[in-house]
Amino acid sequence: MMGIRKRRIVAVAVCFCLTVLFLWMGSVSGNRAGSYFRNISLQAEVQEFDAEWINSVMLQQGIPEDGEGESQPEDKETFAVWTELKNELVSVMEGGKSTVTDVIAVYGPSHCLLPLGKNLLPEDKEGCIIGEGLAEELFGTHLAEGQQVEWMGRTMTIRGVLREPGHFLMAEASGFWDAVTFDRINITLSDDQDRTVAGERFINRHGLAARELQWNHRYGWKWLAEMVPAKWSDFEGWRENFQKHKKAVELVKNTEKSTIESEGIRYYDRKILFELSGILFCGLCVRNIWYIIRKVSIL
């Protein structure tokens, strides 16, 4: 009897440690996933945003064509227009190696869509950021910062190498904005801002044919607060909010994900897996504790 009780006590200790570990890992993964989708993401309702409007509004934001100028006023939101080009040929200047990867062309501050790790300065027209997997494929090592690559006939210097996403290239498109079609806009959002209101305000201010990709409706829990109407007894409000949520989920579900968005989704998947594992071991811990209590009460 004493041997069985000791084994149960050890099982409780092991299950408790695993519960804490998995819940902590879930929290870390959730925070990292939240970083990818912290900002507002808008998608063009047509194939692309107007190129002349893009250049005009980005110059107003403080990104002059010559790479020099004053920074943007504090009362304006920070945003970047971008697109992802699939299966682009990227080659090394020396050695002749080449490979195919996804390229993100961004016009504006790259931290609006890639908030983790190194980012490109808006005026850096000759720099790029690549993933470790792409660096190892082209150079045989992830220590590729300072090396040069070629894409679309343009020579670019690698400013940074990211562990995640592993296989991509990001280039600042302010120097060739008229050669790329942009279909996404990311807007930096502070913690105290209502993302829905901020997104609608930006669309209306610029007269855009765009829709917001509300990733939090499918890959987070903050949407629950948006479901509650002004009055709990407002059943029509509940119905309208539910319909809005359903449309937001369908839009995100059917949207082609970029390399960066896919990475954020993978972190959300890990979060769910770790949290479910934590709940499982928590249940095993409670079960063993209950078994020990019953045996002690019998004695």
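pLDDT is the predictor's confidence in each residue, on a scale from 0 to 100. Colour the chain by it: the average is 82, and 87% of the residues score at least 70. This is a predicted model, in which local features need pLDDT of at least 70 and side-chain atom pairs count only at pLDDT 80 or more, while totals for chains, interfaces and linings use all residues. Residues are numbered from 1 along each chain as its sequence is written, and side-chain values use heavy atoms, with hydrogens and water left out.

Select residues 64–75. Here pLDDT stays under 50, and the model has 14 contacts beyond four places in sequence for this stretch; a contact means heavy atoms within 4.5 Å.

Next, go to helix 1 (residues 2–36), which holds valine 28. Helices are DSSP runs of H or I with at least four residues, strands are runs of E with at least two, and both are numbered from the N terminus. Show Leu21, Trp24 and Val28 as a surface: they make a nonpolar patch of about 300 Å². Patches take residues with over 30% relative accessible area and no salt bridge, joining like charges within 9 Å and nonpolar side chains (Val, Leu, Ile, Met, Phe, Trp, Tyr) within 5 Å. Accessible areas come from the Shrake-Rupley method with a 1.4 Å probe, and for residues only the protein chains shown count as cover. Valine 28 has a relative accessible area of 39% and is therefore partly exposed; buried means under 20%, exposed over 50%, and partly exposed in between (1.4 Å probe, protein chains only).

Move to strand 2 (residues 79–92) and select asparagine 87. Its phi is positive, about 55°, although asparagine 87 is not a glycine. Asparagine 87 is exposed, at 60% relative accessible area. A second residue to pick is methionine 152, in the loop between strand 5 (148–151) and strand 6. Phi of methionine 152 is also positive, near 55°, and this residue is partly exposed at 37%. For reference, most residues other than glycine have a negative phi, and most peptide bonds are trans.

Now turn to charged pairs. The structure holds ten salt bridges, each a side-chain nitrogen of Lys or Arg within 4 Å of a carboxyl oxygen of Asp or Glu. Select lysine 86 and aspartate 102, whose side chains meet in one of them at 3.7 Å, N to O. Lysine 86 sits in strand 2 and aspartate 102 in strand 3 (residues 98–107), so that the pair links parts of the chain 16 residues apart. Lysine 86 is partly exposed at 35%, whereas aspartate 102 is buried at 16%.

The last stop is glutamate 164. A cis peptide bond joins this residue to proline 165, with omega about -10°. Proline 165 is in the loop between strand 6 (154–162) and strand 7 (168–172). Glutamate 164 counts as buried, at 15% relative accessibility. Which residues pair with glutamate 164? Arginine 163 meets it in a salt bridge at 3.5 Å, N to O, and arginine 270 forms another, the closest N and O atoms being 4.0 Å apart. Arginine 270 lies in helix 8 (residues 259–298) and glutamate 164 in the loop, so this pair ties together parts 106 residues apart in sequence. Arginine 163 is exposed at 54%, and arginine 270 is partly exposed at 31%. Add Arg32 to the selection: salt bridges that share partners join Arg32, Arg163, Glu164 and Arg270 into one network.
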